[in-house]
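Here is a short tour of one protein chain and its ligand. Keep the model open beside you as you read.

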Amino acid sequence: MKNDLPSKIKRGKPTFIRIKANKKKMKYNNDNVRRQDRLLEEDRAYALLCEGEYGVLSMTTPTGGAYGIPLNFVWDGQENIYIHCAPRGRKLDCIALYPEVSFCVIGNTHVVPEQFSTNYSSIVLTCRARTGLSPEERMHALRLLMEKYTPEHLAAGEKYAEKSFHRTEIIRLQTEEFSGKCKRMR
Ligand SMILES: Cc1cc2nc3c(=O)[nH]c(=O)nc-3n(C[C@H](O)[C@H](O)[C@H](O)COP(=O)(O)OP(=O)(O)OC[C@H]3O[C@@H](n4cnc5c(N)ncnc54)[C@H](O)[C@@H]3O)c2cc1C
């Protein structure tokens, strides 16, 4: 991983980018969902992609096992999800060998005891993970993450990101397609 901030980022005033959704870049595909009566409307699926607080990244381990962990994330409005993390760790070992991953975001869960059921909405994305991105893309991802999670602290966040840039890895999840389900009991 490169340590240096790109010069234009060092010199430039922080420019934060509002996420504009480009649905054409993503393939919302529910063909394989068995319960076709439980499909999540496309707009709600995109809302969950935009606003979901965290998702679970499921990976294959180097020994062929399974490994899933919760992670904060941001969607870039195109076909990519970004995750920030430490430059070492098990998830990076996994995706280095097996970049094909699944990412699941859950929203609006509510147990309905009298119905023996749970209301929910969720999306599952099929993705290809990549690290070793350019410094520009890594900084772009950090700014998107700050816009999503700390919009009221952007200036301080910019300084924080610059300071910790050398010890921050960014994972890009390029999304091939995603599906969405929901359950609403009355
Ligand atoms: C809501 C939420 C959001 C998070 N967001 C981020 C984020 O944006 N970036 C980030 O890097 N991390 C985030 N984390 C922490 C994340 O889940 C991992 O713990 C972390 O990324 C380290 O993963 P690793 O594979 O590098 O683990 P390592 O440090 O290499 O450790 C590997 C071992 O630690 C255990 N382990 C790892 N993570 C967890 C866990 N969450 N719970 C229980 N055991 C665990 C497992 O047994 C695993 O085999 C978040 C956690 C939560 C709950």
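Among contacts in the chain between residues at least 6 apart in sequence, what percentage join residues at least 24 apart? The share is 74%. Please keep in mind that this is a predicted model.

## The chain as a whole

The chain holds 5 helices and 7 strands. Starting at the N terminus, their order is α-α-β-β-β-β-α-β-β-α-α-β. Of the 186 residues in the chain, 26% are buried.

## Strand β4 and its partners

A good place to begin is strand β4, residues 80-85, which is mostly covered, with 5 of its 6 residues buried. On one side of the story is strand β3 (residues 74-75), which pairs with β4 in the antiparallel sense over 2 bridges. Here valine 74 stands opposite tyrosine 82 of β4. The two strands make a hairpin with 4 residues between them, and glycine 77 in that turn has a positive phi of about 85°.

Strand β4 also pairs with β7 (residues 169-183): the two run antiparallel and are joined by 6 bridges. One pair to look for is asparagine 80 with its bridge partner in β7, glutamine 174.

## Around the ligand

Which residues are found around the ligand? They are Tyr54, Ile69, Pro70, Leu71, Asn72, Ile83, His84, Cys85, Ala86, Gly89, Arg90 and Lys91. Strand β4 appears again here: together with β2 (66-71) and α3 (90-97), it is one of the elements that give two or more residues to this shell. By type, the shell divides into 7 nonpolar, 3 polar and 2 charged residues.

## The nonpolar core

In soluble globular proteins, nonpolar side chains tend to be buried together. In this model the largest nonpolar core has 34 residues, and those with the most contacts inside it are Ile81, Tyr82, Val101 and Ile123. Helix α4 (residues 135-149) supplies the largest share of this core, 5 residues.

Isoleucine 123 is worth a click: leaving aside residues up to four places away in sequence, it touches Leu40, Ala45, Leu48, Leu49, Val105, Phe178, Ser179 and Gly180.

## A look at helix α4

Helix α4 has 15 residues and reaches 21 Å from its first C-alpha to its last, close to the 21 Å expected at 1.5 Å a residue. Its buried residues are Arg138, Met139, Ala141, Leu142, Arg143, Leu144 and Met146. When you view them, recall that an α-helix has 3.6 residues a turn, so residues three or four places apart point the same way.

Key: Residues numbered from 1 in each chain as written. Predicted model: local features only at pLDDT ≥ 70, side-chain atom pairs only at ≥ 80, totals over all residues. Buried ≥ 20, exposed ≤ 12 C-beta atoms within 10 Å, placed from the backbone. Pairing = 2+ DSSP bridges. Near = placed C-beta within 6 Å. Nonpolar A, V, L, I, M, F, W, Y, C, P; charged D, E, K, R; others polar. Core = buried A, V, L, I, M, F, W, Y, C linked by C-beta atoms within 7 Å. Contact = placed C-beta atoms within 7 Å. Expected span 1.5 Å × (residues − 1).
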